[in-house]
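Please open the structure in your viewer and keep the selection tool at hand. The tour below proceeds from one selection to the next.

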Amino acid sequence: MKPRHSAAWAGAAMVALVATAGCGTKAAEGAAEAVDRSAAIMAALTRATDRADQVGSAQVEMTTDLGTGTPIAMDGTYSWGDGYAYDVQMDTKASQMESLQDAPTIRTLLVDGAYYYDVDPQPSGPLAGKEWMKVDASAVFGEQGAQALSGSSGSPVASLKGLKYAEDVDDLGTETVDGKRTTHYRATIDPSRMGKFKDALGDENGLLGATTGGVDSITVDIWVGDDDLPVRILQVMGAMKVTVDFEKFGATAEVKAPPAAQTGDLTEAIKDASGR
């Protein structure tokens, strides 16, 4: 009897071992598949980052929602190949510029770290008879934030460079966006990796912190087209949401500052008012 019992227990143990080994094999196979999927996703996002960086400019529609219920729309040319610059039409009311511009949109430039607004000539003050108002970025973001604009920080594709530091990156499948077939990816940069994310943008202490109000984590959705270029990017930073639709890459005109004689500089006045 004892040998038979021993044989039975040995058989049961063997079955258990085989089953356990099978589970282990399946778990290993699942882990390998997950690693392969993650590698494929990161490879696709790396191609999109490299392609966008190489092209260097695009025609873009951008909407920034600060959580106030009045999103700011900007539509125009952005370039980041040799410093960040743009030439866009911006919603006058949403940007609270009605006192300086009667038209529904106001042309806005960013050139060499300074903002220029196409305003109506004013009867008096620093904008008397001027067609443009200038504000250096240092008056808004401080010196460190302004230095970040000498690179590509803040550009429509800047966040792509930090995606390698995302904790979770998912492939959400194929979707049609703006009439183009795309693959939808979602990445989350959590608090433990925010420092490296800022490093990737060349913005350790400046522009990102100033624009997001110190938000600890960022979620980035990217829709990548068949040509490995982004079609849409959605960034969520706390209550702030930025949506970027890329209409056309490359072949954009150089963004130039307006003539100095037509420009009134309010940089120092804004610095004094804000205590910078």
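Begin by selecting Ser-79, which is buried, with a relative accessible area of 17%. The model is a predicted one. Ser-79 belongs to strand E2, which covers residues 72-79. Leaving out residues up to four places away in sequence, Ser-79 touches Gly-56, Ser-57, Tyr-84 and Ala-85. Why does Ser-79 count as buried? Its relative accessible area is 17%, and the term applies because this value is under 20%.

Next, look at the aromatic rings. The chain has four aromatic pairs. One of them joins Tyr-84 and Tyr-86 in an edge-to-face arrangement, with 5.8 Å from centre to centre and 70° between the planes. Tyr-84 is buried, with a relative accessible area of 7%, and Tyr-86 is buried, also with 7%. Now select Phe-246 and Phe-249, which form a stacked pair: their centres are 5.0 Å apart and their planes differ by 15°. Both of these phenylalanines are buried.

Select Tyr-78, Tyr-84, Tyr-86 and Tyr-115 together; ring pairs link these residues into a cluster.

Which residues have the most contacts inside the largest nonpolar core? They are Tyr-78, Tyr-117 and Met-133, in a core of 51 residues. Select Tyr-117 and display its surroundings: among the residues that it touches, beyond those up to four places away in sequence, are Met-90, Met-97, Ile-106, Trp-132 and Val-135. Apart from the largest core lies another, of seven residues, including Leu-109, Ala-114, Tyr-116 and Val-255. In soluble globular proteins, nonpolar side chains tend to be buried together.

Move now to Thr-182, located in strand E8, residues 180-189. Is Thr-182 buried or exposed? Thr-182 is buried, with a relative accessible area of 1%. Its contacts, setting aside neighbours within four places in sequence, include Gly-173, Thr-174, Val-177, Trp-223 and Val-231.

From there, select Trp-223. Arg-232 lies over the face of Trp-223, at 5.8 Å from the ring centre.

Finally, display the whole chain. How many helices and strands does the chain have? There are five helices and 12 strands. Of the 276 residues in the chain, 39% are buried. The chain exposes about 14,500 Å², and carbon and sulfur atoms supply 51% of that area. Among contacts between residues at least 6 apart in sequence, 54% join residues at least 24 apart.

Terms used
Residues numbered from 1 in each chain as written. Predicted model: local features only at pLDDT ≥ 70, side-chain atom pairs only at ≥ 80, totals over all residues. Heavy atoms only, no water. Core = buried A, V, L, I, M, F, W, Y, C linked by side-chain atoms within 4.5 Å. Buried < 20%, exposed > 50% of the residue type's maximum accessible area, 1.4 Å probe, protein only. Contact = heavy atoms within 4.5 Å. Helix = DSSP H or I, 4+ residues; strand = E, 2+ residues; numbered from the N terminus. Areas by Shrake-Rupley, 256 points an atom, 1.4 Å probe, with all protein chains shown as cover. Phe/Tyr/Trp six-rings, centres within 6.5 Å; stacked < 30°, edge-to-face > 60°. Lys NZ or Arg CZ within 6 Å of the ring centre and 35° of its normal.
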